[in-house]
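Subject: Structure handover

Hello,

The structure we talked about is below, with the sequence alongside. My notes on it follow; please read them with the model open.

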Amino acid sequence: MGAKMPYMLAMIIVIIYTAMFVISKAAFNKGMNSFVYVFYRQAAASILMLPIALLLEWKNVRFMSFRLLFKLFLYAFIGNTVGPELCNASMKLTSATVASATGNSTPVVTFCLALLLRMEVVNLRSSSGVAKVAGAVLCFAGALVIAFYTGPSLSPVNHHRAFSAGTAHDTRAPTRGTWILGTFLMFLSNVTWSVWMILQAMLLKEYPNKMLVTTAQCVFSTVQSFAVAMAAERDFSRWKLQLDISLLAVIYNGFVVTGVAYYLQVWCVEMKGPFFLAVWNPLCFVFTIFCSSFFLGEIVHLGSILGGILLVCGLYSVLWGKSKESKSTGHNEVNTVHVAHDGHKHKNHQREELDQEDQA
């Protein structure tokens with residue numbers, strides 16, 4: 001059971017995120033404002049995480065300086081407020097399939113940003129370096145295909161929607177300009193998420209308490225997203241939650257995605273490492289294609305599938321390059337240790353011979 005646990009966790013995480021894309025898109029089709037949705041989602045996550053953090057971590061609380069609190073506020077704005085706002089705005093303009101497909105670009109975008117910040121090094125004379133560059137090119141090509149090539153449409157798996165749309169406007173096919181804008185916003189969302197992950201890595205070195213850091217950013221994001229929602233939606237009648245898919249989306253994203261999925265990901269990464277979890281991302285794309293078509297009656301276009309395949313190929317190319325590079329680095333370190341050990345033995349042997357000559 002222990003050996004199978006990481007695979008079970010990875011599959012559960014994939015299912016959770018597939019449901020997130022489908023349920024969120026259904027809520028937007030119902031007419032829910034995406035800015036109000038982000039506020040409710042962050043508020044639900046804060047309600048869940050704040051008591052848990054206070055209960056489990058109150059003994060480990062360290063003093064937070066004003067500088068650290070400002071960082072938490074800024075990082076929350078980048079990753080917890082702006083990122084989801086862009087993602088949801090994109091999903092309203094495109095589809096759940098596009099949102100899931102472009103999610104495969106996040107590790108590649110993170111690699112490119114790390115390269116610009118000189119946190120990554122690429123050796124074009126090695127196969128791993130070529131693979132990482134090729135992955136970045138494939139990712140960019142996939143984005144262009146999704147944005148500019150629609151292609152023939154594939155009939156929905158189920159013509160009877162499980163989640164009905166709110167108005168005829170919500171079911172209308174997006175125009176070409178709208179589709180390109182939506183794809184651009186989704187990749188911009190992935191860029192903000194990648195920037196946030198790099199900043200998180202540096203922040204956790206300064207304050208290594210994941211629970212408190214995550215909870216603080218969640219609370220800050222609730223305040224920020226409330227201000228954004230107030231500015232974007234002045235009609236408070238549209239803030240009201242009904243007993244429908246909108247309420248389900250808020251509860252699911254706030255509790256299940258933010259609460260359950262976060263800890264499952266941490267658990268899985270601790271057992272198998274980040275590469276293992278990233279390899280499962282394309283499965284979410286496949287599941288989302290089927291589920292969005294079945295439950296939402298969403299029309300999937302050939303361009304989205306081809307672009308998604310290019311993104312998946314780019315993801316695996318970068319992951320393969322990183323994996324090969326890590327193995328090569330580890331092998332060189334082992335060789336260095338062996339050489340140093342052999343040299344140390346040789347010096348000891350020479351010392352013993354000199355001692356014997358002095359005694360003679």
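The expected span of a helix is 1.5 Å times one less than its number of residues. Helices here are DSSP runs of H or I with at least four residues, strands are runs of E with at least two, and both are numbered from the N terminus. Helix H9 (residues 210–232) has 23 residues and should therefore span 33 Å; its end C-alpha atoms are 32 Å apart, which agrees.

Two points on how to read the rest. This is a predicted model, in which local features need pLDDT of at least 70 and side-chain atom pairs count only at pLDDT 80 or more, while totals for chains, interfaces and linings use all residues. Residues are numbered from 1 along each chain as its sequence is written, and side-chain values use heavy atoms, with hydrogens and water left out.

Overall

The protein chain has 13 helices and 2 strands. Of its 360 residues, 44% are buried (buried means under 20% relative accessible area, exposed over 50%, partly exposed in between, with a 1.4 Å probe and protein chains only). The chain exposes about 19200 Å², and carbon and sulfur atoms supply 69% of that area (Shrake-Rupley method, 1.4 Å probe; for residues, only the protein chains shown count as cover). Contact means heavy atoms within 4.5 Å. Among contacts between residues at least 6 apart in sequence, 89% join residues at least 24 apart.

Helix H9

At the start of H9, a side-chain oxygen of Asn209 comes within 3.3 Å of the backbone nitrogen of Met211. This is a polar contact by the rule used here (a pair of N or O atoms within 3.5 Å; within protein, one must be able to donate a hydrogen and the other to accept it, and residues adjacent in sequence count only if both atoms are side-chain atoms). Further along, Ser221 is also part of H9. Ser221 counts as buried because its relative accessibility is 0%. Leaving aside neighbours within four places in sequence, Ser221 is in contact with Gln42, Ala76, Asn80 and Thr81.

Helices H5 and H8

In helix H5 (residues 106–116), the buried residues are Thr106, Val108, Val109, Thr110, Phe111, Leu113 and Ala114. Leu113 touches Val191, Ser194, Val195 and Ile198, not counting residues up to four places away in sequence. The C-alpha atoms of Leu113 and Ile198 are 8.5 Å apart, although 85 residues separate the two along the chain. Just after H5, Arg118 has a positive phi of about 65 degrees.

Helix H8 covers residues 176–206 and includes Leu181. Leu181 is partly exposed, because its relative accessibility is 44%. Together with Phe184, Leu188 and Val191, Leu181 makes a nonpolar surface patch of about 330 Å². Patches are made of residues with over 30% relative accessible area and no salt bridge; like charges are joined within 9 Å and nonpolar side chains (Val, Leu, Ile, Met, Phe, Trp, Tyr) within 5 Å.

Phe187 is in H8 too, but at 14% relative accessibility it counts as buried. With residues up to four places away left out, Phe187 touches Thr102, Ser105, Ala143 and Leu311. Its C-alpha atom is 7.9 Å from that of Ala143, 44 residues away along the chain. Gln200, another residue of H8, is buried at 10% relative accessible area. On the same basis of not counting residues up to four places away, Gln200 touches Tyr75, Val213 and Gln217.

Salt bridges

A salt bridge is a side-chain nitrogen of Lys or Arg within 4 Å of a carboxyl oxygen of Asp or Glu. By this rule the count comes to 4. Arg67, Lys71 and Glu206 are linked in a network. The closest N and O atoms are 3.4 Å apart for Arg67 and Glu206. Arg67 is in helix H3 (residues 66–93) and Glu206 in H8, 139 residues apart. For Lys71 and Glu206 the closest N and O atoms are 2.8 Å apart. Lys71 also lies in H3, so its pairing with Glu206 in H8 ties together parts that are 135 residues apart in sequence.

Within this network, Arg67 is exposed at 53% relative accessibility, Glu206 is partly exposed at 30%, and Lys71 is buried at 19%.

Arg238 pairs with Glu233, with 3.5 Å between the closest N and O atoms. Arg238 is partly exposed at 39%, whereas Glu233 is buried at 8%.

Regards
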